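Student: I should like to work through some details of strand pairing and burial in this structure. May we take them one at a time?

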Amino acid sequence: MGSSTAGRAFRRRPRGRQVMVTVLAAVAVPAYLVLLPTDQVAPVPGSPCRASGPAGPDATHAPDLDGDGFGELVHEGSQDPEDFDVVIVPGSARGPVADRATVLDRDDLGVPDAIQAVDDAWRPTVADLDGDGHLDLVVSGAARVVWGGPDGPRADGPRGHVPLPDGPYHSAPVAGDFDGDGHTDLVAFRPSPEKTELVVFKGPFARSGAPAATVGLPTPVDKAVSPRFLVGDADGDRGADLAVYDSPYDPPQLLTGGADTPSGLSAEPEPLPEGESIAFGDFDGDGLRDVAVGRSFVDPYDEVETPDLRGQVRIAYGKEPGAWVTVEGGGPREGFGTLLEAGDLDGDGCDDLAVQLTRKKEEGDARFEVLHGGSTYGLASEPWRTFRRTVTQPAGPVDDCSAVCSVDASLFAGADWNADGRTELALNGAGRWWFTDGTRRGEVSVVEPDREG
């Protein structure tokens, strides 16, 4: 179902949301990012969604590296494409504490000089690889491991290295218990001229970083593509599922976990509707996982004119997994569906869906619409909230603007960042972060910590 690419080289170019993190403003950072609870919301009529209280038991929590009950903001970034840093901003009841941020540089992490920040995953993998109860970091396409402990991963702490066949790769491996045996596994995309494949590293991992076993399986998308991964629960069983997507030649593919295969992933992938973004959630509150696929019709590199179409999100609800419901949004050529994040933004017990609209992906312009979840029909077809977050900065030598440039934020993640039981969206643009539910109530923004400080 993909176009032929014989003889054609394909290399993922850095996108606007990856480049943005390299731009840092010299502004004082506030001591705390204050995230206040939003107002109570009314029940959805006839819905099992709760009117108030914490989100469901599978709500996405920000990774708690130091075990204090509050999640941390963790991301890769750099002031220079030749450099490489991982920033860890500790959490609190008021949200991430910016002035206590830890920056792990290339030497701390043991990342080879060949790895550049803009070429690799922006979000490090956070998981307990060795089963000691502490979250570990897996960083960059070189798969360097910084082992966790009671105080979280430390620059002077123990390190490891996951042995990647023909590595390093273009991005860090992703984590999940794909075979359902209770141990965390890793999956990476191996872009080798000899043998392009997915590689599953089975847990538990030794302190050296070596896995219990390594299993290869054919890539379900075109071999010329470096795909993106989404790990989650698409079918409600014991194994984590893996969506492989963002290929310009193939629709997204779903590999379900818990299969009776050496890798634990299904031997035959399930094709999903065409699109470039995926989210898993429970949008109708029935306890079953739902799948959403976004299709913006905007070219990944703005090289092809966008057709005169509205973007789409297609949803398959767990109660009817084979039936796809289509929701269109925005106006023609506005790129509705570029990025998706699912989470319970209002605390009613049903997941909502934040959808990014982007006219030009390389330029990083964006706004956001939130579709409200509820039991009667699942996701609403009209946006519940519409917002945009923008920061201005001085024009650089290659910027196509005058004295200042406006940069819109992009979706980074959806998680409970302040342990209030509700999901907040983390947005990033031009070195500034926003933590928001889509309103201005309790919202904060902060400039990234100075890595030279």
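Student: In this predicted model, which residue of β3 stands opposite Asp-85?

Tutor: Strand β2 covers residues 85-89 and pairs with β3 in the antiparallel sense over four bridges. The residue of β3 that stands opposite Asp-85 is Asp-105.

Student: Which strands stand at the edges of the open sheet that has the order β1-β2-β3?

Tutor: This open sheet has three strands with antiparallel pairing. One side of a strand is left without a neighbour in the sheet where the strand has a single partner, and this applies to β1 (73-77) and β3 (102-105). The strands at the edges are therefore β1 and β3.

Student: By what angle are neighbouring strands of this sheet turned against each other on average, direction ignored?

Tutor: The sheet in question is the one ordered β1-β2-β3. With direction ignored, the average turn between its neighbouring strands is 20°.

Student: Is Glu-197 buried or exposed?

Tutor: Glu-197 belongs to strand β10, residues 197-202. Its relative accessible area is 9%, and the limit for burial is under 20%. Glu-197 is therefore buried.

Student: Which side chain is joined to that of Glu-197 by a polar contact of 2.7 Å?

Tutor: Leaving aside neighbours within four places in sequence, the residues in contact with Glu-197 include Phe-189, Arg-190 and Leu-217. The side chain joined to Glu-197 by the 2.7 Å polar contact is that of Arg-190.

Student: Why is strand β26 largely enclosed by the rest of the structure, and which residue of β27 stands opposite Ala-413?

Tutor: Strand β26 (residues 410-415) is largely enclosed because six of its six residues are buried. β26 pairs with β27 (residues 424-429) in the antiparallel sense over five bridges. Opposite Ala-413, the residue in β27 is Ala-426.

Terms used. Residues numbered from 1 in each chain as written. Predicted model: local features only at pLDDT ≥ 70, side-chain atom pairs only at ≥ 80, totals over all residues. Heavy atoms only, no water. Helix = DSSP H or I, 4+ residues; strand = E, 2+ residues; numbered from the N terminus. Buried < 20%, exposed > 50% of the residue type's maximum accessible area, 1.4 Å probe, protein only. Polar contact = N/O pair within 3.5 Å; in protein donor to acceptor, adjacent residues only side chain to side chain. Contact = heavy atoms within 4.5 Å. Pairing = 2+ DSSP bridges. Axes fitted to C-alpha atoms, helices over the stretch in contact; angles between N-to-C directions.
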